[in-house]
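Subject: A structure for you to look at

Hi,

Here is the structure I promised to pass on. Have a look at it first, then read on for what turned up when I went through it.

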Amino acid sequence: MNDALAPEEIARKIKRTGIGKAKFDLIQTSILGIMAGAFIGLGGIFALTVAVNPDLGTGPARLLVGLAFSLGLLLVVVTGSELFTGNNLMVASFFSRRISGRELTRNWSLAFAANLIGALIVVFLLYLSRWWAQGDYSFSARTIQVANDKVNLAFGTAFVRGLLANILVCLAVWLAVAGRSLMDKMIGIILPITAFVAAGFEHSIANMFFLPLGWLVSTDSSALAAAGLSAGDVSRLNLAWISHNLLAVTLGNIVGGALVGLANWTVYLRRQ
């Protein structure tokens with residue numbers, strides 16, 4: 001069995017990967033970004049499906065939901081897709097002066113927009129499939145509750161939860177890079193992703209899936225009734241409040257991911 005890469009080797013590999021990502025053209029970044037957004041959406045579907053039965057209790061239920069959501073990042077890492085939050089680690093390449101601020105901003109902007117498109121494609125397909133109407137609308141109840149809880153977070157709360165979430169997401173990427181086999185990568189990804197989901201932290205690309213889906217499902221009267229909510233209770237499930245949440249969480253994600261990248265650059269790459 002091959003040992004995992006040493007920390008300095010991981011840092012160098014992440015730096016090289018960031019340089020390569022900055023050189024991708026528009027088509028490469030866009031397609032890989034759409035794929036990543038869709039994969040996070042697929043992980044979201046799995047997570048919401050597992051979350052339907054609340055009888056297990058808060059802790060065990062959140063643990064299972066986190067395990068299910070790990071599917072999204074696993075697909076992203078194995079396929080080499082462009083996930084905005086994971087790409088926040090590109091600050092290591094930037095501080096190594098191997099990519100410019102313009103290249104960094106271009107990659108992040110394209111990946112973010114493409115992730116949104118990919119997530120929304122999954123949202124619309126899932127909505128049209130009426131997945132949410134299964135189990136006497138029990139699936140829809142959980143979907144609406146998750147989205148409604150998120151849009152009711154204060155800006156500062158959402159920001160800090162976003163910061164914490166992307167520290168764990170970028171550490172999951174770090175551990176995946178350390179692994180040499182698919183099994184290594186799976187183990188490295190599952191624990192940090194499960195931790196951030198179980199803790200209730202906020203991930204911008206995941207919210208691109210959860211929030212629009214909850215908004216759409218809440219427009220169905222039967223789904224809303226199954227959630228035990230009235231139209232007034234979900235008054236913040238609209239474009240303005242979804243944008244409010246995404247702004248706060250995205251800023252938090254950038255800071256959290258950049259902290260991981262900067263810390264490791266400082267320790268392992270600064271003198272090179």
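Before anything else, one term: a residue is called buried if its relative accessible area is under 20%, and exposed if that area is over 50%, with partly exposed in between. Keep in mind, too, that this is a predicted model.

With that cut-off, try Phe209: at a relative accessible area of 0%, Phe209 is buried. Its sequence neighbour Phe210 comes out at 10%, so Phe210 is buried as well. For contrast, look at Ala154, in the loop between helix H6 (134–151) and H7. Ala154 has 45% relative accessibility, so it counts as partly exposed. If you want a feel for distances, the C-alpha atoms of Ala154 and Asn53 are 28 Å apart, with their positions 101 residues apart along the chain.

Now the overall picture. The protein has 11 helices and zero strands. Its radius of gyration is 18 Å, close to the 19 Å that the globule rule gives for 272 residues, so the protein is as compact as a globular protein of that length. Along the principal axes, the C-alpha atoms fill a box of roughly 60 × 40 × 35 Å. Of the 272 residues, 49% are buried. And if you take the contacts with a separation of 6 or more, 86% of them are between residues 24 or more positions apart.

What about the inside? In soluble globular proteins, nonpolar side chains tend to be buried together. Here, the largest nonpolar core has 74 residues, and Phe69, Leu73, Ile193 and Phe209 have the most contacts inside it. The helix that gives the most to this core is H7 (residues 155–178), with 10 residues. Leu73 is a nice one to click on: beyond its neighbours within four places in sequence, Leu73 touches Ile40, Leu83, Val169, Ala172, Val173, Ile189 and Ile193.

Next, the aromatic rings. How many aromatic pairs are there? The count comes to 10. One of them is Phe69 with Phe196, an edge-to-face pair with 6.0 Å from centre to centre and 85° between the planes. Phe69 belongs to helix H3 (residues 58–79) and Phe196 to helix H8 (residues 182–199), so this pair ties together parts that are 127 residues apart in sequence. Both Phe69 and Phe196 are buried. Phe209 and Phe210 also make an edge-to-face pair, at 5.3 Å centre to centre and 65° between the planes. Put these together and you get one aromatic cluster, formed by Phe69, Phe196, Phe209 and Phe210. Another ring worth finding is that of Trp241: the charged end of Arg236 sits over it, 3.7 Å from the ring centre.

Finally, follow H8 from end to end. H8 has 18 residues and spans 26 Å from its first C-alpha to its last, close to the 26 Å expected at 1.5 Å a residue. Which residues of H8 are buried? They are Lys185, Gly188, Ile189, Pro192, Ile193, Thr194, Phe196 and Val197. An α-helix has 3.6 residues a turn, so residues three or four places apart point the same way. Try checking the spacing in that list yourself. The buried residues of H8 pack against H3 and H7. After H8 comes Gly200, which has a positive phi, near 80°.

Enjoy exploring!

Conventions. Residues are numbered from 1 along each chain as its sequence is written. This is a predicted model: local features need pLDDT of at least 70, side-chain atom pairs count only at pLDDT 80 or more; totals for chains, interfaces and linings use all residues. Side-chain values use heavy atoms; hydrogens and water are left out. A nonpolar core is a set of buried Ala, Val, Leu, Ile, Met, Phe, Trp, Tyr and Cys residues joined through side-chain atoms within 4.5 Å. Buried means under 20% relative accessible area, exposed over 50%, partly exposed in between (1.4 Å probe, protein chains only). Helices (H or I, at least four residues) and strands (E, at least two) are DSSP runs, numbered from the N terminus. Contact means heavy atoms within 4.5 Å. Rings of Phe, Tyr and Trp (its six-membered ring) pair if their centres lie within 6.5 Å; planes under 30 degrees apart count as stacked, over 60 as edge-to-face and the rest as tilted. A charge sits over a ring if NZ of Lys or CZ of Arg is within 6 Å of the ring centre and within 35 degrees of the ring normal. The expected span of a helix is 1.5 Å times one less than its number of residues. The radius of gyration is taken over C-alpha atoms; the globule rule is 2.2 Å times the number of residues to the power 0.38.
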